[in-house]
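Let's take a friendly walk through a structure, following a few contacts from one element to the next. Please keep the viewer open as you read.

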Amino acid sequence: MPSSAPSRSASRLAALLVATVAATAAAVPTQAETGQTGTGKTEAKKADPIPPPDPSFVVMEPIDAPIIDSGRIDGVLHLSLAVKTKSAENAAELTKRMPELRAASLAAAIEFARLHASPYAPVNVARLSAMMAAPIKRLDRGIEKVLIVKVSADEG
């Protein structure tokens, strides 16, 4: 005997309701996941410890160098650098000489901006890195690498 239309829609509705309840129950976090106990108090979950910063790195303040074309300022080269030294002692010593480090970095950035930068084209980071590393490494024998953290050029 064929089943009637109301009973078919009722069983479909019941199946849909069961599926919705099952999906909702699976999406709700358990007490162990939320850190709650049965008493309603929340326990603090232990986060993974953040490793301490490497003391052999010296992070510099951002540098902004003008992009000059045909005697007018065409844009700005924005640059963030970090210097990796051979040891933490070298980093501490280099930090004391930050004005010299910034002066060498700024001079190299201005030279790159004058010759190779445009606010309308991507920055050639490989060429920039090569131009920045040599004058900065001349400052101190303890400098291992010059790292470009962030670079951009705009009409600024």
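The paragraphs below go from a pair of helices to salt bridges and then to a strand residue.

A few conventions come before the tour. This is a predicted model, in which local features need pLDDT of at least 70 and side-chain atom pairs count only at pLDDT 80 or more, while totals for chains, interfaces and linings use all residues. Residues are numbered from 1 along each chain as its sequence is written, and side-chain values use heavy atoms, with hydrogens and water left out.

Let's start with helix α3 (residues 88–96) and helix α4 (residues 98–116), whose axes come within 5 Å and cross at roughly 80 degrees. That crossing makes α3 roughly perpendicular to α4, a label given to angles of 65 to 115 degrees, with under 35 counting as roughly parallel, over 145 as roughly antiparallel and the rest as oblique. The axes are lines fitted to C-alpha atoms, for helices over the stretch in contact, and the angles run from 0 to 180 degrees between N-to-C directions. Helices (H or I, at least four residues) and strands (E, at least two) are DSSP runs, numbered from the N terminus.

Which residues bring the two helices together? Leu94, Thr95 and Lys96 in α3 meet Met98, Pro99 and Leu101 in α4, where contact means heavy atoms within 4.5 Å. The residues of this contact divide into 4 nonpolar, 1 polar and 1 charged. In this scheme Ala, Val, Leu, Ile, Met, Phe, Trp, Tyr, Cys and Pro are nonpolar, Asp, Glu, Lys and Arg are charged, and the others, Gly among them, are polar.

Next come the salt bridges, of which the structure holds 4; each is a side-chain nitrogen of Lys or Arg within 4 Å of a carboxyl oxygen of Asp or Glu. One of them joins the side chains of Arg97 and Asp140 at 3.4 Å, N to O. This pair links distant parts of the chain, 43 residues apart: Arg97 sits in the loop between α3 and α4, and Asp140 in the loop between α5 (125–137) and β4 (143–154). Arg97 is partly exposed at 22% relative accessibility, whereas Asp140 is buried at 17%. Buried means under 20% relative accessible area, exposed over 50% and partly exposed in between (1.4 Å probe, protein chains only). Not counting residues up to four places away in sequence, Asp140 touches Leu94 and Arg97.

Within α4 itself, Glu111 forms a salt bridge with Arg114, their closest N and O atoms being 2.8 Å apart. The two are 3 residues apart in the helix, so about one helical turn separates them. Both are partly exposed, Glu111 at 31% relative accessibility and Arg114 at 49%. Elsewhere, salt bridges that share partners join Arg97, Glu100 and Asp140 into one network.

Where does Thr85 belong? Thr85 is found in strand β3 (residues 72–85), and is buried, with a relative accessible area of 1%. The side chain of Thr85 makes polar contacts, meaning pairs of N or O atoms within 3.5 Å; within protein, one must be able to donate a hydrogen and the other to accept it, and residues adjacent in sequence count only if both atoms are side-chain atoms. Its partners include the backbone oxygen of Ser56 at 2.7 Å and the backbone nitrogen of Ala91 at 3.4 Å. Leaving aside residues up to four places away in sequence, Thr85 touches several residues, among them Leu94 and Ile143.
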